Amino acid sequence: HSPLVFSSHNSSGGSTLLGYIGIDTIIEQMRKKTMKTGFDFNIMVVGHSGLGKSTLVNTLFKSHVSRKSAGWARDEKIPKTVEIKAVSHVIEEGGVKMKLTVVDTPGFGDQINNDNCWEPISKYINEQYEKFLKEEVNITRKKRIPDTRVHCCIYFISPTGHFLRQLDTEFMKRLSHSVNIIPVIAKADTMTLEERQEFKQRVRKELEVSGIEFYPQKEFDEDMEDKSDNDKIREAMPFAVVGSDKEYQVNGKRVLGRKTAWGIVEVENPNHCEFAQLRDFLIRSHLQDLKEVTHNIHYETYRAKRLNENGGLHPISSSDTQESNL
Amino acid sequence: ILDRASINRMRVSVCVSLKQRNLEGYVGFANLPNQVYRKSVKRGFEFTLMVVGESGLGKSTLINSLFLTDLYSKDYPGPSQRIKKTVQVEQSKVLIKEGGVQLTLTIVDTPGFGDAVDNSNCWQPVINYIDSKCEDFLNAESRVNRRSMPDNRVHCCLYFIAPSGHGLKPLDIEFMKRLHDKVNVIPLIAKADTLTPEECQLFKKQIMKEIQEHKIKIYEFPDTEDDDDNKLIRKIKEKMPLAVVGSNVVIEVNGKKVRGRQYPWGVAEVENGEHCDFTVLRNMLIRTHMQDLKDVTNNVHYENYRSKKLAAVTCNGVDTSKTKGQLTKSPLAQMEEERREHVMKMKKMEAEMEQVFEMKVKEKKQKLKDSEAELERRHEQMKRNLEAQYKELEEKRRVFEEEKANWEAQQRILEQQKLDASKTMEKNKKKGKIF
């Protein structure tokens, strides 16, 4: 605290102001700035084909932002190796611009032999960190480094109702330390509510046993408030979601849903599925936190590892970098 | 390789050759079907059903729903509840009775199929199982005492496709390609309540397209002479692959008790034709086509296995008509084969004879060589003998010469002596006179 002439100390340690200074306008200033610059958000969806990844992303951002809408035909053949396809869109809401990049991974888990199908994904994530690191390390840096790092990876779990598949645990184990993983149970309308609860319990237990730290990670909770919020969320994860981009009329309202012969599954109805919870969590409360954790923790881990390696970053001036880490 | 079409053609050709005669009274063999029926009922029936698919696709639930029993209950959880590292093949037998008819139902489950990260060859245990059952039947058929021939062959394989909504996975295609000529494969779309009706239609079309693309031969319903039946069959064919939902939980809907799944937005009824194709599957599998499945297994898949197995065992020279009978080979083909065999036999004999000849020639040569060597040896020996004798002779001669020389020397000395003696006598004589 810098003691101001107009302040006086009180016992709790904070200074009470004797007049209005206007410090709180900084929030408004920040807001204006952010609105002007806009921000980037990169989301990756992983899961084998047919789990509704593209549909869910479209539903989340209420627009056709997925690869599927960008001209992918319905009967496109399953690729032989895992491909990484990134599609970017700029969406705007309330004056705030967001450059949303959806990274899709077709071919994941679809082959007969799926050994190492997580490698292309791991490589892509590390490449984005590398790009950012290179920009950061430059002598003349850009004012705003373009951020292509993956902020969040949504992993789609197949709704078998029994256990996690071997591929799921393998993937999450390997990638939970380089990116924020949010597991979701796809196509939740396959299961009744009881089945869903049982399945969730089992999945959570398995994730715990395998030591997989999904986002929000317990170790990064900053204070008690965060902890209690995040604990509630962790209890409810993995969210069982249903996606849809079609609208139907229910009780006079137009809702997003899936129409089956025995009823309409409402996507945003919390009694039907947990999509609304996922959306609130992902976008309305933890979007900035996801970016921060990616930048402060995952990226820093990568950077430290990289700079500690032999050779450093500039192989040309190898004699310098062998002693000093830049 | 036989298939259903060729068997039908053969049947037709046999029937055409008989003339139909009219009866002049009631004979009574119209009762024959009843006799067959009564005998079969006494014997009881056997049926083996195999279910294949990744875990969590509702296979156990579907089996329970189909046969209205709890084959897999809470106390004995289905194989998918237990985590498996490799593909196992497990069978469970159940005896079901209904209306006096006994059915020994064997359910073969394949837990662990498609669950690992690397699923290459996960179909191999399944193929091995089917082949081993066919082999058991083949051995039982070939025995001398054939009193009891239990039929454990797999009559039908239900393959569960995950309801992705896109198409077949590489694993699905690979599996069906390898099993379509060993067993009747019926593909099903599992957990069909995941899909909306439009998605389901698109998915079915996509699957059928891929099945045709890869030339997979799934089980085909036979055409009957009855037109009504044919219409039904055509309707069923349009619905393939069948989209099923399984459940044994009874829920009340509009006052009616139905089996279904309760969701917050409604109840998906298992036996409702609008909701899923479960009733179609059940009727087809149990009520109308069970016998046909067994027949096709026996006449087509088993015969294919048998001919392949026995053709591999028989070698040249054995009577080939034992293996298949007259059904498969046309006379020309048989002649061709016999000719080929004969030519091969001749070739073999020729080769053998040549071999023998070669051997004999070698022997003779060897013998000659031996005798030559012998002669050589003897010649040497004789030469040596000769030389020895020659040497001896030389020696003797030398000795003789020596002796001769000695004797001559002695003779000369004697001569000299004689001369000397005579000279002295002469001298003495002269001396004597002088005096």
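Biologist: What share of the 435 residues in chain B is buried?

Modeller: Keep in mind that this is a predicted model. Buried here means under 20% relative accessible area. By that cut-off, the buried part of chain B's 435 residues comes to 36%.

Biologist: And how many helices and strands does chain B have?

Modeller: Both kinds of element turn up in chain B. The tally is eleven helices and nine strands.

Biologist: Where in chain B does pLDDT stay under 50?

Modeller: Taken as a whole, chain B has a mean pLDDT of 82, and 88% of its residues reach 70 or more. Where pLDDT is low, the predicted coordinates should not be read in detail. That caution fits two stretches of chain B, where pLDDT stays under 50: residues 74–80 and residues 315–327.

Biologist: Now the partner chain. Which three residues supply the most of the area that chain B buries against chain A?

Modeller: On chain B, 45 residues are in contact with 42 residues of chain A. Together the two chains bury about 3700 Å². Of chain B's own part, 23% comes from three residues, more than from any other three: B:V117, B:H166 and B:W265.

Biologist: Which residue of chain A meets B:E54 in a salt bridge?

Modeller: The rule finds three salt bridges across this interface. In one of them, at 2.8 Å from N to O, the side chain of B:E54 meets that of A:R165.

Biologist: Which element of chain B gives the most to the side that touches chain A?

Modeller: Four elements each supply at least two residues there: α5, α6, β8 and β9 of chain B. With six residues, the one that gives the most is α6(B).

Terms used. Residues are numbered from 1 along each chain as its sequence is written. Chains are lettered from A and ligands numbered from 1 in the order in which they are written. This is a predicted model: local features need pLDDT of at least 70, side-chain atom pairs count only at pLDDT 80 or more; totals for chains, interfaces and linings use all residues. Side-chain values use heavy atoms; hydrogens and water are left out. Buried means under 20% relative accessible area, exposed over 50%, partly exposed in between (1.4 Å probe, protein chains only). pLDDT is the predictor's confidence in each residue, from 0 to 100. Contact means heavy atoms within 4.5 Å. Buried area is the accessible area (1.4 Å probe) that two parts lose on being put together, summed over both. A salt bridge is a side-chain nitrogen of Lys or Arg within 4 Å of a carboxyl oxygen of Asp or Glu.
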